[in-house]
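This report describes one protein model, from its overall dimensions down to selected residues. The sequence and structure are shown first.

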Amino acid sequence: MNQPHPANSTTRALALGALGVVFGDIGTSPLYTMKEVFSGHHLALSQDNVLGILSLIFWELILVVSVKYVGIMMRADNKGEGGILALLALVQGQAPLASRSRWILMSLGFLGASFFFGDSLITPAISVLSAIEGLEMGAPVLHPFIVPLALGILIGLFVIQRQGTNTIGKLFGPVMLVWFGVLGVLGTLSILQHPQVLAALLPIHAMHFFAAHGTASFLILGAVVLAITGAEALYADMGHFGRRPIQLVWFAYVLPALVLNYFGQGALLLANPEALRNPFYLLAPEWALYPMIGLATAATVIASQAVISGAFSVTRQVIQMGYAPRLIIRHTSATEVGQIYIPFVNWALAVGIAVLVLGFRSSSNLAAAYGIAVTGTFAISTILMFMVMRVRWDLGLGVTLTGLVIFLTIDLAFFGANAVKIPDGGWFPLAAALLVFTLLVTWKSGREIVLERLRETAQPLAPFVEMLLAHPPVRVPGTAVFMTADANGAPSALLHNLKHNKVLHERVVILNVRYAEVPYVPADRRLEMSQLAEDFYHVVIRYGFMDDIDIPKALSKCPCGMQFDLMDTTFFFSRENLIPTRGEGMMLWREHLFATMARNAASPMTFFQIPANRVVELGAQLEI
């Protein structure tokens, strides 16, 4: 018997894993898209309209997902990693940029990341609600229980986050394999009864729809885009599964299943307009309703889990890029570095989603709020992508501009169509995104101000070391590690320790942690050491924005010829008590916001994985 090739087995395993994680959001869109397109806009169920909508859905799946994300953007990997922040780092790392251009790029990138958090609130709420609403199809009397049941499922999902998703994750792939298979089968059975819907594969029907409906067709794009929410996950999760498995699953399985299901729903609506009350569930035979509800609920929980995990990952990235305060990050797997749990983000999302479910109470109401954050991310990703094509791939200006105009026109059309939803609920994800963006830029600006204030009062490191050698204080046994953000100045913790304790350890390490604009820093480039004087070292430890931070582990591999003994080492930190003042710096309300964020940041010992009994914190006041 022929044994399977190891590479093929690995590809299949990765493909199954990608099926369970990457495609959950876009894979659950058939639950509500067709219903919202027609009922949400009171669009007549004529053959021309159904064919026009199906044609729009098909070609957005082709152009936006297949061509832009799978075909183009997945080629722009940052050392294997994808996502808008990886794309941002790729642009910045390739071209020398003026400070203003760099600021604009950073703002765009982090605005896109902020939109992701806005999307993270609505995706679980609308997905789970749309699945549970199937109960009304079999028993209308259950309507009052839909919101409590959906809320219970979602809260339960957040409660189990701290346990990790490794065990549940093993079921994701097989469940989604069944889900997409059922989507395709149900759609095919309906198409076979009304094959005329296959004419919608021709783009002429989309063009006729626009010509017939004018301005109304533009507004309908706000519901049509629901079919491609989650497309950004294909690129964002590339680092977990690789380009080829994701491309293989998309073209060979997910795309055909989605197209068949949408076209099947279209065929059902042409045959039975009454099916508009829930065309997804009415595709299934009556006996299969409750199994379908169970399967759909499982699929939407998986989609929600993917979004929650993505929020954890993006949060860690923005922290390590210096745009957010340190937060407690717990690892939920001993083998998978990427499996993390961030309590603050978890419960912030839980509260926000609970507010959405209780406030909007149905997937139809939530559909009015859905899309603006997603399409904002689409547009920002397109701009950054074509900058990569220009500065990294060195494509001609004409080719780059042509591609940019085509795809940005599509993205902005979707964004504009969703902008009209702002008064009807679109303000919620937009407000959430703007809140996150304000927090990110405030933290970054605040940290720059703090570092500038510290530099103004800091003593240059080299002359300070010379002074210590010329007038040595009392030396005590052990190693002292003084962490500092300014590699050229004497750490304030060192100055305060000398001032108050009047001693210096026999071995001193000035430690500077730096974050590179790459996903991972290779182990052989992690640590750099220079000797300032005898038993006086300057150590730089570098991490990428996806790296697991562990200072003791990094120091244990120090090439400085010294034996690093954690039990004989004391880490000194300086904790500044920030005092907002009028004058230079930020607006006063932003300074108060920054000071609040700083007070509530996780302790350095937790963030850097340093045992608490090896840490000494020295306080100081600082006006900002």
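## Surface and charge

The accessible surface of the protein amounts to about 26,300 Å², and carbon and sulfur atoms contribute 62% of that area. The model under discussion is a predicted one.

The protein carries 38 positive and 38 negative charges, and the mean positions of these two sets lie 3 Å apart.

## Overall dimensions and fold

The C-alpha trace extends over about 95 × 60 × 50 Å along its principal axes. For 624 residues, a compact globule would be expected to have a radius of gyration near 25 Å; the value for the protein is 27 Å, and the two therefore agree.

The secondary structure consists of 26 helices and eight strands. Among contacts with a sequence separation of 6 or more, 81% join residues that are 24 or more positions apart. Of the 624 residues, 55% count as buried.

## A buried phenylalanine in helix α19

F378 belongs to helix α19, which covers residues 372-391. Is this side chain's residue buried or exposed, given a relative accessible area of 0%? F378 is buried, because a value of 0% falls under the 20% cut-off for that class.

Leaving aside residues up to four places away in sequence, F378 is in contact with V64, K68, Y69, V225, I228, A231, E232 and D411. A further pair can be described by distance: F378 and I410 are separated by 32 residues in sequence, while their C-alpha atoms are 9.4 Å apart in space.

## Positive phi angles outside glycine

Two residues may be examined for their backbone geometry. R361 has a phi near 70°, which is a positive value in a residue other than glycine. R361 sits in the loop that connects α17 (343-360) with α18 (363-367). With a relative accessible area of 47%, R361 is classed as partly exposed, because exposed status requires a value over 50%.

K502 is likewise not a glycine, and its phi is positive at about 60°. The residue K502 is located in the loop between α23 (492-501) and β4 (503-515). Its relative accessibility is 55%, so K502 counts as exposed.

## Summary of the local sites

The residues considered here cover three accessibility classes: F378 is buried, R361 is partly exposed, and K502 is exposed. F378 lies in a helix, whereas R361 lies in a loop between two helices and K502 lies in a loop between a helix and a strand.

Definitions and conventions:
Residues numbered from 1 in each chain as written. Predicted model: local features only at pLDDT ≥ 70, side-chain atom pairs only at ≥ 80, totals over all residues. Heavy atoms only, no water. Helix = DSSP H or I, 4+ residues; strand = E, 2+ residues; numbered from the N terminus. Rg over C-alpha atoms; globule rule 2.2 N^0.38 Å. Buried < 20%, exposed > 50% of the residue type's maximum accessible area, 1.4 Å probe, protein only. Contact = heavy atoms within 4.5 Å. Areas by Shrake-Rupley, 256 points an atom, 1.4 Å probe, with all protein chains shown as cover. Lys, Arg positive; Asp, Glu negative; His and termini not counted. Charge placed at Lys NZ, Arg CZ, Asp CG, Glu CD.
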